[in-house]
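Work through the exercises below with the structure open. Try each task before reading its solution.

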Amino acid sequence: MIRFLIRKFAAQDTPEKRRTGIGRLAGILGFLSNAILFIGKFAIGLAAGSVSIMADAINSLTDTASSILTLVGFQIAAKPADKEHPFGHERFEYISGFLISLVMTFVGFQFLLSSFEKIRHPQSVKLHLIVFLVLILSILIKVWQSRMYRTLGSTIQSSTLKATGQDALNDVLTTVAVLLSAVIEGVTGWRVDGWIGFLIACYIIYSGITMVKSFIDELMGSRPTQEELTAMEKMLKGYPDILGYHDLLVHNYGPQKKFASVHIEVDDRWTLNQAHDVINHIEKDFRNQLDVELVCHLDPVALQNDAYQKQRALVEAIVINVAPGLTMHDFRILSPQRMSFDVVVPKKCPLTDQELKETLQFKIQQQLGEQKLEITFDHTYLLD
C-alpha cells in the first residue's frame with residue numbers, strides 16, 4: 001500500500017517536486033490516522049475518567065498538529081529561491097519540526113501537572129471492553145504509522161520524517177503502559193492511573209526536549225554524516241592529476257541544498273586553463289554524483305623547486321613532531337627569512353595556539369635561523 005502511494009505521489013519530474021509530494025503524503029496519512037486515534041482515545045478516556053488515557057489522547061492530538069505542520073513545512077520548503085532567500089526555503093522543514101517539538105514539550109508539562117493532581121487524589125478508572133479494543137487498535141495504528149514514516153523518510157532522506165517515525169514507535173510503548181495500568185487496576189484494585197500518566201508525561205517531555213535539540217542543531221548547522229564525508233574524501237582521492245586536498249568544509253541550507261568548499265593542491269607549472277579544467281571537472285562530479293555544490297580553491301605547489309621542497313619537508317617534520325595529530329599545508333616561502341603555512345590542530349591537542357606558535361618558532365629558528373613565521377591554525381571538527 002505504502003509503495004503504491006509512493007509511486008503515485010512521487011511521480012514528479014524533479015527531485016524537489018518528488019520530495020514535496022512524498023512529504024505531503026506523509027502529512028495526509030499522519031493527519032488522518034492521528035485524528036482517528038485522538039477522537040477514539042478522548043471519548044474513551046472521558047467515559048472512563050482516566051487521566052492516562054486522556055493524556056495519551058492529547059499526545060495523539062499533538063501528533064495530529066504535527067501532521068499539519070509537516071504538510072505546511074514541506075509546502076513552504078518547496079518554494080524556489082527568491083531575492084530574500086537566495087538558497088531556497090528548504091530549512092523551513094527544520095523550523096516546522098522545531099515548532100512540533102515545542103508543542104509536544106508544552107503538552108507534556110501540562111499533563112505532568114494533571115498527573116500530580118491524580119496521584120494526590122486518585123479516582124477509579126471505569127473499565128469497559130471497548131477501552132481495551134481502542135487501545136489495542138491504537139497500538140496497531142501506531143506500528144503502521146512508524147513503518148509508514150520510516151519508509152517515506154528513507155525514500156527522501158528526511159530526518160524530520162525519520163524522527164516522527166521513531167516518535168510513533170515510542171508511542172506504542174506509552175499506549176502499552178496505559179493498557180497495563182487499566183489491567184493492574186482491574187486485577188488488583190491498585191489505582192496506578194496517575195502514576196502511569198506521570199510516566200507518559202515524562203516521556204512526552206523527554207521526547208520534546210530531544211527533538212528541540214536535534215532541530216536546533218540542524219538550524220545552527222550540524223556536522224555532515226560520516227557516510228557523506230567518506231564519499232567526498234573517496235572522490236577527492238580518486239583524481240590522479242591533483243597532488244592533494246585540505247580544508248574540506250561542508251554546510252547545508254536544507255536536506256537537498258548541500259554546499260562544500262575545498263583547497264586543491266596542484267603543480268604550479270600548470271597553466272590557468274589547465275587548472276581550471278581540472279577543478280571544473282571535480283565540481284561537476286560532486287554535483288552530479290553526490291548532489292553537492294562544491295567550490296574549489298587552488299593551491300599551487302612548487303614540485304620542481306628543490307630548495308622549496310627541502311625546506312617544506314623540514315618544516316613539516318617539525319610540525320608533526322610538536323604534538324600528536326598536527327598536519328601542515330599551504331606552505332609558502334615569501335622571502336629568504338619569511339614563510340607562511342597552515343597547521344591543522346586536532347580537538348584533543350594538549351597545547352594552545354599560542355604555545356604551538358612559540359614552540360614552532362623556536363624549533364624552526366634552530367634549524368633555519370631567523371625566520372618570520374605567518375602561521376594560521378585550522379581547527380576542524382570534521383576530522384575528530
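pLDDT is the predictor's confidence in each residue, from 0 to 100. Helices (H or I, at least four residues) and strands (E, at least two) are DSSP runs, numbered from the N terminus. This is a predicted model: local features need pLDDT of at least 70, side-chain atom pairs count only at pLDDT 80 or more, and totals for chains, interfaces and linings use all residues. Residues are numbered from 1 along each chain as its sequence is written, and side-chain values use heavy atoms, with hydrogens and water left out.

**Exercise 1. Confidence**

Find where in the protein confidence is lowest and where it is highest.

Solution.
- Start with the average: the protein has a mean pLDDT of 82.
- Next, the share above the cut-off: 91% of the residues score at least 70.
- Then go to the extremes. Helix α1 (residues 2-9) is lowest, at a mean of 62. Helix α9 is highest, at 93.

**Exercise 2. The three-stranded sheet**

Work out the strand order, the edges and the packing of helix α9.

Solution.
- Apply the pairing rule: two strands pair if DSSP finds at least two bridges between them.
- Read the order. The sheet is open, has three strands and runs β1-β2-β3, with mixed pairing.
- Mark the edges. These are β1 (244-252) and β3 (292-301), each paired on one side only.
- Take the twist: on average 15° from one strand to the next. Axes are lines fitted to C-alpha atoms, for helices over the stretch in contact; angles run from 0 to 180 degrees between N-to-C directions.
- Add the helix. α9 (residues 272-290) packs on the sheet and touches β2 and β3. Contact means heavy atoms within 4.5 Å. The direction of α9 makes about 155° with that of β3.
- Check one pair of strands. β1 and β2 (residues 258-267) are antiparallel, with seven bridges. Tyr 245 has Ile 264 in β2 as its bridge partner.

**Exercise 3. The hairpin**

How many residues link β4 to β5 in the hairpin?

Solution.
- Locate the strands: β4 covers residues 327-335 and β5 covers residues 338-344.
- Determine the sense: they run antiparallel and are joined by six bridges.
- Pick out a facing pair: His 329 stands opposite Asp 342 in β5.
- Trace the connection: the hairpin passes through two residues.

**Exercise 4. Salt bridges and exposure**

Describe three salt bridges and the accessibility of their partners.

Solution.
- Set the criterion: a side-chain nitrogen of Lys or Arg within 4 Å of a carboxyl oxygen of Asp or Glu. The count is six.
- Set the exposure classes: buried is under 20% relative accessible area, exposed is over 50%, and partly exposed is in between (1.4 Å probe, protein chains only).
- Asp 217 and Lys 213 pair with their closest N and O atoms 3.0 Å apart. They sit four residues apart in helix α7 (residues 193-220), so about one helical turn separates them. Asp 217 is partly exposed at 30%, while Lys 213 is exposed at 54%.
- Arg 269 and Asp 267 meet at 2.6 Å, N to O. Arg 269 is exposed at 52%, but Asp 267 is buried at 10%.
- Arg 287 and Glu 293 meet at 3.3 Å, N to O. Arg 287 is partly exposed at 35%, and Glu 293 is partly exposed at 33%.

**Exercise 5. The surroundings of Asp 247**

Which residues does Asp 247 touch, not counting those up to four places away in sequence?

Solution.
- Place the residue: Asp 247 lies in strand β1. Its relative accessible area is 22%, so Asp 247 is partly exposed.
- List the contacts: Ser 261, Val 262, His 263, His 329, Asp 342 and Asp 378.
- Take Ser 261 further. It is 14 residues from Asp 247 along the chain, with the C-alpha atoms 7.6 Å apart.
- Take His 329 further. Its side chain makes a polar contact of 3.4 Å with that of Asp 247. A polar contact is a pair of N or O atoms within 3.5 Å; within protein, one must be able to donate a hydrogen and the other to accept it, and residues adjacent in sequence count only if both atoms are side-chain atoms.

**Exercise 6. Positive phi**

Compare the settings of Asp 291 and Asp 330.

Solution.
- Asp 291 is not a glycine, yet has a positive phi of about 60°. Asp 291 lies in the loop between α9 and β3. At 48%, Asp 291 is partly exposed.
- Asp 330, not a glycine either, has a positive phi of about 55°. Asp 330 is in strand β4. At 14%, Asp 330 is buried.
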